[in-house]
Amino acid sequence: MIRFVLMVNKLGQTRLCQYFGVALSIEERVVLEAEIIRKCISRRVDQCAFLEHRTYKVVYRRYASLYMIIGAEGEEENEMALLEFIHTVVETLDKYFENVCELDIMMNIEKAHFIVDEMVMNGCIVETNKSNILAPLFAMDKMTNTGWTKSLKEF
């Protein structure tokens, strides 16, 4: 079961974090993130992208200047499936933002969270089809671009 999804830059600054079913305080989350980020960033390119930290299986992948990190609990979790899921998340973000970069995530954090929310529910992967994930976002974008919000402001 997925417990957290992190997107971090090379300097260790968290750009996106989402937790599922974890009862941690803000301080505990900051400490956990710092420990995991430090471990992932310090690893060499030729090292495996899987590691264990506390009770979590951590799977990460680097894309240009961003690290995508997933923490899962449970012995039944398949690390290769989580690595493939990371790739699917990044492909989905790339499809929506058209060549996603760190600035896209920072400026559109609510949309990035929406995409992750469409893919993961309560720590379980529920959708991996990019078209199904992005359809609600494209519909919302279409509504905001049609000008119906302008007519609401007149009232």
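These are legends for several close-up views of a predicted model.

**Figure 1. The whole chain, with its 6 helices and 7 strands.** Going along the sequence, the elements come in the pattern β-β-α-β-β-β-α-α-α-β-β-α-α. Taken along the principal axes, the box filled by the C-alpha atoms is roughly 55 × 30 × 30 Å. Of the 155 residues in the protein, 37% are buried. Take the contacts with a separation of 6 or more: 50% of them come from residues 24 or more positions apart.

**Figure 2. The open sheet of 5 strands, in the order β2-β1-β5-β4-β3.** Pairing in this sheet is antiparallel. At the edges sit β2 (14-19) and β3, each of which pairs on one side only. Ignoring direction, neighbouring strands here are turned by 20° against each other on average. Helix α1 (residues 26-42) lies across β1, β2, β3, β4 and β5, and runs at about 145° to β3. Helix α4 lies across β1 and β2, and runs at about 35° to β2.

**Figure 3. Strands β1 and β2, paired in the antiparallel sense.** There are 5 bridges between these two strands. Looking for a specific pair to zoom in on? Try L6, whose bridge partner in β2 is C17.

**Figure 4. The hairpin of β3 and β4, with 2 residues between the strands.** Strand β3 covers residues 50-53 and strand β4 covers residues 56-63; the two pair in the antiparallel sense over 4 bridges. One pair to pick out is E52 with its bridge partner K57 in β4. In the turn, R54 has a positive phi of about 55°, a backbone angle to look up if you like checking torsions.

**Figure 5. The hairpin of β4 and β5, again with 2 residues between the strands.** β4 pairs with strand β5 (residues 66-72) in the antiparallel sense, over 7 bridges. Within this pairing, Y60 stands opposite I69 in β5. A64 takes a positive phi near 50° in this hairpin.

**Figure 6. Helices α2 and α4, packed at an angle of about 135°.** Helix α2 spans residues 79-97 and helix α4 spans residues 109-119, and their axes are 11 Å apart. The two helices are therefore oblique to each other. The crossing of α2 past α4 is right-handed. On the α2 side, the contact is made by F85, T88, V89, T92, L93, Y96 and F97. On the α4 side, K111, A112, I115 and M119 do the job. Sorted by type, the residues of this contact come out as 8 nonpolar, 2 polar and 1 charged.

**Figure 7. I2 and its surroundings in strand β1 (residues 2-9).** Is I2 buried or exposed? With a relative accessible area of 2%, I2 is buried, because anything under 20% counts as such. Leaving out residues up to four places away in sequence, I2 touches F20, I70, G71, A72, L82, F85, V120, G123 and I125. Two of those names tie this view to others: F85 also belongs to the α2 side of the contact with α4, and I70 falls within β5 (residues 66-72). For a sense of scale, I2 and N129 are 127 residues apart in sequence, while their C-alpha atoms are 18 Å apart in space.

Conventions
Residues numbered from 1 in each chain as written. Predicted model: local features only at pLDDT ≥ 70, side-chain atom pairs only at ≥ 80, totals over all residues. Heavy atoms only, no water. Pairing = 2+ DSSP bridges. Axes fitted to C-alpha atoms, helices over the stretch in contact; angles between N-to-C directions. Parallel < 35°, antiparallel > 145°, perpendicular 65-115°, else oblique. Left-handed = near helix turned anticlockwise from the far one by under 90°. Contact = heavy atoms within 4.5 Å. Nonpolar A, V, L, I, M, F, W, Y, C, P; charged D, E, K, R; others polar. Buried < 20%, exposed > 50% of the residue type's maximum accessible area, 1.4 Å probe, protein only.
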